[in-house]
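Reader: I would like to learn how to read this model. Please take the features in turn.

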Amino acid sequence: MRSISAKPGQFCRRSVDLAFGRLSPPASLKRIGELLYEITLEEYHAVAVHPTSFGKDGYLDPKEAYYPRFEPHSGFFHNGKPNDLSVMANNCKDEDYRPDAYRVLNIFPNFLVNHYRVLYTWYVSITQYIPVAFDSTVVRSWYYQVPFQGPKASWFHLLFRRWTDLWLPFFVGIYLRRITNEDHVICEAMQMTAGSMIEEPLLGLEEQRIAWFREAYWDALAQLNGQENSDA
Ligand SMILES: [Fe+2]
C-alpha cells in the first residue's frame with residue numbers, strides 16, 4: 001500500500017510514502033466537501049475534467065452504467081447488471097471475489113472505495129472526506145495492490161505481472177494524484193459560485209446518485225434533529 005499525504009495548508013506540497021502498505025496521506029483543501037464528494041457520484045464530468053484519462057473516449061454510454069443503491073449508500077458498476085451487488089457481497093463472504101470491471105462504492109456519508117485494473121493487476125483505492133469547516137475539507141486516500149486475478153491467467157501473464165508489480169505501484173500513485181488533483185482544481189473553482197446555487201439541479205441518468213446522496217443527507221439531518229429535540 002502506498003500513501004500520498006499533506007498537512008493542512010500544504011496541499012501543494014504533498015509527499016509520497018513509497019513504503020508498501022499505505023498509499024495516500026491526508027490533504028487539507030479549502031474546498032466545500034459537498035462538491036468534492038458529489039463529483040465522485042457522477043460520470044459526466046470525466047470528459048471535461050479528465051480529458052486525457054477517464055474522459056478520453058467521450059461520454060460513457062448509459063447502457064454501460066449500472067448504479068446499485070443500498071441506502072444510504074450507492075455504487076457505480078461499469079457494465080454491471082441487477083443483482084451484481086448481491087453476487088459481489090456473497091463472493092466477498094466466500095473470499096472468492098473477482099471483479100471484471102471498474103467499480104465504485106460510495107459509503108455514506110464520506111467514504112469512497114474504487115477498484116480498477118491496471119495492466120494485469122487490480123488495485124483498490126479508499127478515500128475519506130472529512131469536513132473540518134464550511135470551506136475546508138481534509139481528504140485522505142490510500143491505494144492497495146490486491147490479489148484479484150482472472151481464473152484463467154496464463155503462466156505468461158503471471159510472469160509478466162510479477163515483473164510489472166515491481167514498478168507499477170509507483171506509476172499508479174502518480175496517475176491517481178493527477179486524477180485527484182484535476183477534481184480538486186474544478187471543485188475549488190466551483191466553490192467561488194457555490195453560494196449562488198440555490199435551486200435543486202436537474203440531474204441526468206449518470207448523476208442520479210447525487211440526488212440519492214442528498215436524500216440520505218437530509219434524512220440523516222432530520223434524524224439527528226429529531227434526536228436532539230427528544231433529548232432536550
Ligand atoms: Fe473525477
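Author: What follows covers the overall make-up, two strand pairings and one helix. This is a predicted model, in which local features need pLDDT of at least 70, side-chain atom pairs count only at pLDDT 80 or more, and totals for chains, interfaces and linings use all residues. Residues are numbered from 1 along each chain as its sequence is written.

Reader: How many helices and strands does the protein have?

Author: Helices (H or I, at least four residues) and strands (E, at least two) are DSSP runs, numbered from the N terminus. The protein has five helices and 10 strands.

Reader: Which strands pair with β8?

Author: Two strands pair if DSSP finds at least two bridges between them. Strand β7 (residues 103–107) and strand β8 (residues 111–118) run antiparallel, joined by five bridges. Within this pairing, V104 is opposite N114 of β8. Strand β9 (residues 121–133) also pairs with β8, antiparallel and over eight bridges; here V118 has T121 as its bridge partner.

Reader: What links these strands?

Author: Three residues make the hairpin connection from β7 to β8. The hairpin of β8 and β9 has two residues between the strands, and L119 in that turn has a positive phi of about 55°.

Reader: Is helix α3 largely in the open or buried, and why?

Author: A residue is buried if 20 or more other C-beta atoms, placed from the backbone, lie within 10 Å of its own. None of the 10 residues of α3 (residues 84–93) is buried, so the helix lies largely in the open. After α3 comes E95, with a positive phi near 55°. Across the 232 residues of the protein, 19% count as buried.

How values were computed: Buried ≥ 20, exposed ≤ 12 C-beta atoms within 10 Å, placed from the backbone.
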